[in-house]
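Let's work through a pair of exercises together. Have your viewer ready and try each task before reading its solution.

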Amino acid sequence: MTTATHPHMPLGRGAPEALEVTEAAREAEWTLPSFVADLFMGRLRTDLVMPFPEQDEADRREGEAFLGKMTTFLKEHVDPDEIDRTGELPAHVIQGLARLGCFGMKIPKAYGGLGLSHTNYNRVIQLLGSYCGSTAVWLSAHQSIGAPQPLMLFGTEEQKRKYLPRLAQGTISAFALTEPGVGSDPAHMLTTATPVDGGEAYVLNGEKLWCTNGPVAEVVVVMARTPSVTVGGKERTQITAFLVEKRMSGFEVAHRCDFMGLKGIQNGVLKFRNVRVPKDHIIWGLGQGLKLALITLNAGRIAIPAGSVGTTKRCLQIMRTWAKERKQWGGPIGKHEAVAVKIGEMAATTFAMEALVDLASALVDRKSGDIGLEAAMAKLYCSEACWRIVDDAVQIRGGRGYETARSLRARGEAAIPVERMLRDTRINLIIEGTSQIMRLFIAREALDAHMRLVGRLIGPGSLAAKLQTALAAAARYAIWYPRQWVYWAGWPRHARFGRLASHLRFVERTSHRLARMLFHAAVRHQTGLAKRQQLLGRLVDVGSELLVMTAACAKAQALVRLQPSEQSPVDLADVFCRLARRRVAANLRGVRRNEDRATYRIAQEVLSGRFTWLESGIV
Ligand SMILES: Cc1cc2nc3c(=O)[nH]c(=O)nc-3n(C[C@H](O)[C@H](O)[C@H](O)COP(=O)(O)OP(=O)(O)OC[C@H]3O[C@@H](n4cnc5c(N)ncnc54)[C@H](O)[C@@H]3O)c2cc1C
């Protein structure tokens with residue numbers, strides 16, 4: 001449910017310097033298998049995600065026990081509407097959460113934390129997402145991206161011993177990357193860290209914007225520019241991560257920001273004026289800051305989809321009662337087709353979203369694959385689906401959907417908070433990488449293999465080297481390319497999935513088609529493909545649907561195997577897949593036939609002022 005932009009600005013129109021810095025922060029090669037990376041290459045590696053990962057029994061019990069305590073605490077001590085009204089999380093709530101160990105959920109037991117698995121941690125975030133967005137953000141900004149995660153991944157043993165026990169007990173932390181001038185494109189950041197005393201310390205100067213938990217944090221991970229280095233004869237910007245403590249002189253909280261929703265979060269502008277930070281406060285090493293942010297976000301990013309699942313489950317619960325009780329035009333509104341279809345879609349999508357989050361969390365716990373793409377897709381898909389679902393819930397509640405819970409309660413009705421949920425949810429499409437940036441990031445990774453080749457062929461280099469590259473490519477593509485046309489994805493493939501088999505066959509066929517289309521796009525547009533954002537976005541959306549369909553089918557099959565008489569998971573997965581296939585078809589059609597160029601032209605003319613006449617008649 002939290003914050004922080006994605007450190008890539010891939011495939012954009014940014015300055016070459018920014019691209020070089022962000023490219024250097026990428027993982028150069030996939031060292032571990034990735035289901036999504038393979039999907040984009042026309043390979044359906046079901047072995048990476050099936051059988052659907054089942055949570056280990058001991059881990060499940062541990063999770064259940066903690067969720068039970070959390071539920072009781074939330075019901076007894078946390079009033080989400082009061083937090084929304086006052087804009088404050090009361091001190092007794094923060095202390096109670098700290099006593100429960102909530103600030104150290106992911107911190108290993110050896111360092112004083114609860115040592116929960118990612119699966120259990122994300123279940124807690126889901127629980128919070130169903131109840132109070134502000135509380136969810138307090139905890140997840142601290143743990144998904146704040147100091148614990150980068151320290152656990154990249155901290156020295158000394159740093160871990162010094163900070164993790166404190167952080168587990170409730171010392172709040174934050175992550176500061178964004179600045180007024182840099183959001184999606186942090187490579188251009190202006191905050192500097194200048195070495196002093198022969199490199200024994202760094203002096204930090206600059207300003208960070210929208211830092212969640214920033215106003216109350218004792219420890220902040222701050223990204224800053226350190227002196228550039230020369231790589232291959234060229235100067236390269238270095239961004240480094242520092243552990244900055246509030247007690248350090250020159251650290252100032254300049255402003256607490258107020259937003260449309262999430263009224264209870266603490267988020268603000270932080271200023272650093274000649275803050276002296278000892279060199280042993282650097283995490284991972286000089287110049288590793290953007291890479292650190294990226295890797296931290298890979299696992300941390302699943303918190304947003306987990307919270308989104310909680311929110312959509314709550315919507316479903318509200319709809320179940322409301323659409324039965326509310327009668328208009330001679331019957332319950334849930335019997336009217338226009339409402340019923342929305343509720344059906346809500347249920348099927350919630351099931352699929354949860355399958356995706358469960359799968360992604362299990363993949364993080366297993367540590368056997370690269371989950372960067374899966375996490376990015378989960379964030380993109382679930383934040384957008386959740387927004388649509390909450391919007392539908394508001395619509396189905398009618399006028400009451402627009403009324404605050406407080407006002408509903410005051411006039412004697414049930415205080416159903418869909419209005420607050422809508423306000424709290426909107427930010428998820430912006431933080432930790434906007435939807436647009438997520439699509440570009442996913443496309444960048446999906447096209448990596450093809451684009452590296454194109455780059456070598458048309459980039460600088462001798463003719464002999466290019467010829468060699470062309471021959472090697474010809475050999476590779478001579479095998480790969482025909483395979484994208486000639487394959488068998490008909491019956492009896494995936495027959496063990498019964499009613500869902502045809503959907504998995506569709507996934508397999510479409511994966512080949514997607515791979516072909518990406519390859520054709522790379523050959524046709526070459527490096528200019530970076531600017532075809534709509535084309536790439538459609539192909540990414542197709543890939544996302546295929547991933548979610550696979551997760552939904554796999555989970556449904558696993559559930560039915562446990563309880564064969566209960567077919568409802570299959571019903572939900574089936575409807576989800578049918579809806580997803582329609583969206584896939586629309587996106588694939590859109591690749592060939594669209595109005596992108598015409599609308600782009602209009603947009604440029606809007607910007608140049610040609611349509612100012614259209615703005616007449618307004619205040
Ligand atoms: C409530 C809240 C909490 C936050 N918490 C934190 C935090 O804890 N730490 C932190 O560091 N930051 C935090 N942020 C910042 C957040 O991560 C940024 O708002 C986000 O990354 C987007 O940056 P921006 O707002 O500057 O948008 P911009 O980067 O200015 O983008 C504006 C619009 O342009 C689009 N756009 C930009 N570049 C491209 C491109 N190349 N191609 C296509 N479209 C593009 C974007 O998608 C967006 O729609 C928070 C923000 C909010 C509002």
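Below are two exercises, each followed by its solution.

This is a predicted model, in which local features need pLDDT of at least 70 and side-chain atom pairs count only at pLDDT 80 or more, while totals for chains, interfaces and linings use all residues. Residues are numbered from 1 along each chain as its sequence is written, and side-chain values use heavy atoms, with hydrogens and water left out.

**Exercise 1.** Describe how domain 1 meets domain 4.

*Solution.*
- Step 1: locate the parts. Domain 1 spans 44-172 and domain 4 spans 484-603, with bounds from an automatic or database domain assignment.
- Step 2: list contacts (heavy atoms within 4.5 Å). Six residues of domain 1 touch twelve of domain 4.
- Step 3: get the buried area (accessible area, 1.4 Å probe, that two parts lose on being put together, summed over both). It is about 790 Å², with 80% given by carbon and sulfur atoms. On the domain 1 side, L44, M50 and F52 lose the most area to domain 4, together 73% of what that side buries.
- Step 4: look for salt bridges (a side-chain nitrogen of Lys or Arg within 4 Å of a carboxyl oxygen of Asp or Glu). The count between these two domains is zero.

**Exercise 2.** How many cavities of 30 Å³ or more are there, and which residues lie closest to the centre of the second largest?

*Solution.*
- Step 1: set the rule. On a 1 Å grid over the protein atoms alone, a cavity is a set of points where a 1.4 Å probe fits but cannot get out; points are joined across faces, edges and corners, and a volume is the space filled by probe spheres set on them.
- Step 2: count. There are five cavities of 30 Å³ or more.
- Step 3: inspect the second largest, with a volume of about 80 Å³. Eleven residues line this cavity, and G129, G133, T311, M421 and D424 are the closest to its centre; a lining residue has an atom within 4 Å of a point.

Technical notes. 1 Å grid on protein atoms, 1.4 Å probe; cavity = no way out; pocket = protein on both sides within 12 Å on 5 of 7 lines; lining within 4 Å.
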